[in-house]
Amino acid sequence: MLAAVALCTLSVPTAAHAYCRTTTQPLPANYSPNRGCFTQGLYLFWRNACVSYSINHGASRNIPYDEAKRIIDDSFATWMNAACADGNAPGISVSNIGPSKCGEVRYNADSTNQNVIVFRDDVWPYDDPYSTLGLTTVTFNAETGEIYDADMEINSSARNLSITDQVPAKGFDLQSVITHEVGHFLGLAHATDVRSTMFASYKPGSAALRTLAPDDVAGLCAIYPNESTRVVSDQVSSTGTIVAALCDPSPRHGFSAECSTPKSENNCCAMPMPTASWAASGTVALGLAGVLVARRRRARTR
Ligand SMILES: [Zn+2]
């Protein structure tokens, strides 16, 4: 426990912060952000200056596509409209590229993709369906930390998701859930400060997570200080930065609204699982970036 705290402090000697970045290493089973950031492995990042997402065309039985789109677009805009400490916008632009008929969480190593946002109305296919609100699965290059694909699932099966500004006392504010998951989409892990949108708990009846804490913005800007720079692990670049790729919001290998049939078996293992796993190619690993857990007894103050 002490070692983890010390590592975190050593890796960022200039300022104390509460945001944490997702790394290529899966979190240990007993990990808690209260002990500091988990910093083993390589930091994740999107290399391109521009990234896109697609909402599954069916949205949810209870939330029509247009409503879902408004809320999801607003949630991404909250991050994009943040101002870094230098007054400039974060160096990444994420846009809606249009609806996706495909609702599968996967990355195709040799065919078209989509960074899909999909509602799970009927069954939550993971552990803990009653306390989990969302899950973002990120596929990345395990040798660099570059994110190749991110897919977001929203648990609409057992949850009383709310889409109004006044959140019912027992309601779960969809925009708060999405805003939190967007942080994972961008490469952030759970924060150590309860005031952060990236803190892992959500108190029902609250819309507080819609608004970013300064620490959430600091985390985004720490990865994407400007549109031409990505801050990476020292093992990836001796300067700690690499040059971003010029703006192209298309997913890797192009966008398709339809599910693509892989040409080879190389991404046989691109399935959601609770720990990172290695694909057959040896360079791409799949990790679960984050689960937003609802804890009724844990008050969240701002
Ligand atoms: Zn989370």
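In this predicted model, Ala59 is buried, because 23 other C-beta atoms lie within 10 Å of its own and the threshold for a buried residue is 20 or more. Ala59 belongs to the loop between S2 and H2. Its backbone deserves attention as well: phi of Ala59 is near 45°, a positive value in a residue other than glycine.

The loop between S2 and H2 also holds His57. His57 has 15 C-beta neighbours inside 10 Å and therefore counts as partly exposed. Leaving aside residues up to four places away in sequence, His57 touches Tyr65, Pro99, Ser100 and Lys101. His57 can also be related to a residue much further along the chain: 60 residues of sequence separate His57 from Ile117, and the C-alpha atoms of the two are 9.5 Å apart in space.

A positive phi occurs at another histidine. The phi of His253 is about 70°, although His253 is not a glycine. This residue is found in the loop between strand S12 (241–243) and strand S13 (277–278). His253 counts as partly exposed because it has 16 C-beta neighbours inside 10 Å.

The wider architecture may now be considered. The protein has four helices and 14 strands. Of its 302 residues, 45% count as buried. Among contacts with a separation of 6 or more, 72% join residues that are 24 or more positions apart. Asn34 and Asp193 give an example of residues distant in sequence: they are 159 residues apart along the chain, while their C-alpha atoms are 8.0 Å apart in space. Asn34 is in the loop between S1 and S2, and it is exposed, because it has 10 other C-beta atoms within 10 Å and a residue with 12 or fewer counts as exposed.

From this exposed position the reader may turn to the interior. In soluble globular proteins, nonpolar side chains tend to be buried together. In this model, the largest nonpolar core has 65 residues, and those with the most contacts inside it are Cys20, Phe45, Ile72, Ile117, Ile147 and Leu220. Both helices and strands build this core: the elements that give two or more residues to it are strand S2 (50–55), H2, strand S4 (116–120), strand S5 (132–141), strand S6 (147–155), H3, S9 and H4. H3 gives the most, with six residues. For a view of one core residue, consider Ile147, which touches Leu44, Phe45, Trp46, Val138, Phe140 and Gly187 when residues up to four places away in sequence are not counted.

Helix H3 can be examined through one of its residues, Phe185. Phe185 has 27 C-beta neighbours inside 10 Å, so it counts as buried. With residues up to four places away in sequence set aside, Phe185 touches Thr136, Ala150 and Met152. In addition, the C-alpha atom of Phe185 is separated by 7.9 Å from that of Thr137, a residue 48 positions away along the chain.

How do the axes of H2 and H3 cross? They come within 9 Å of each other and cross at roughly 50°. An angle of this kind makes H2 oblique to H3. The crossing is right-handed. On the side of H2, the contact is made by Ile71, Ile72, Asp74, Ser75, Phe76, Thr78 and Trp79, and on the side of H3 by Leu174, Gln175, Ile178, Thr179, Val182 and Leu186. Sorted by class, the contact has eight nonpolar, four polar and one charged residues. Ile72 thus has a part in two descriptions, since it belongs to the contact with H3 and is listed among the residues with the most contacts inside the largest nonpolar core.

The last element to examine is helix H4. Why is helix H4 largely enclosed by the rest of the structure? Eight of its ten residues, which span 214–223, are buried, so the remainder of the structure largely encloses this helix. The buried residues are Asp215, Asp216, Val217, Gly219, Leu220, Cys221, Ala222 and Ile223. These residues pack against strand S1 (20–21), helix H2 (65–80), helix H3 (174–186), strand S9 (188–189) and strand S11 (229–231). Leu220 connects this helix with the earlier account of the interior: it is one of the buried residues of H4, and it is also one of the residues with the most contacts inside the largest nonpolar core.

Conventions:
Residues are numbered from 1 along each chain as its sequence is written. This is a predicted model: local features need pLDDT of at least 70, side-chain atom pairs count only at pLDDT 80 or more; totals for chains, interfaces and linings use all residues. Two residues are in contact if their C-beta atoms, placed from the backbone, lie within 7 Å. A nonpolar core is a set of buried Ala, Val, Leu, Ile, Met, Phe, Trp, Tyr and Cys residues joined through C-beta atoms within 7 Å. Axes are lines fitted to C-alpha atoms, for helices over the stretch in contact, and angles run from 0 to 180 degrees between N-to-C directions. Angles under 35 degrees count as roughly parallel, over 145 as roughly antiparallel, 65 to 115 as roughly perpendicular and the rest as oblique. A crossing is left-handed if the near helix is turned anticlockwise from the far one by less than a right angle, and right-handed if clockwise. Ala, Val, Leu, Ile, Met, Phe, Trp, Tyr, Cys and Pro count as nonpolar, Asp, Glu, Lys and Arg as charged, and the others, Gly among them, as polar.
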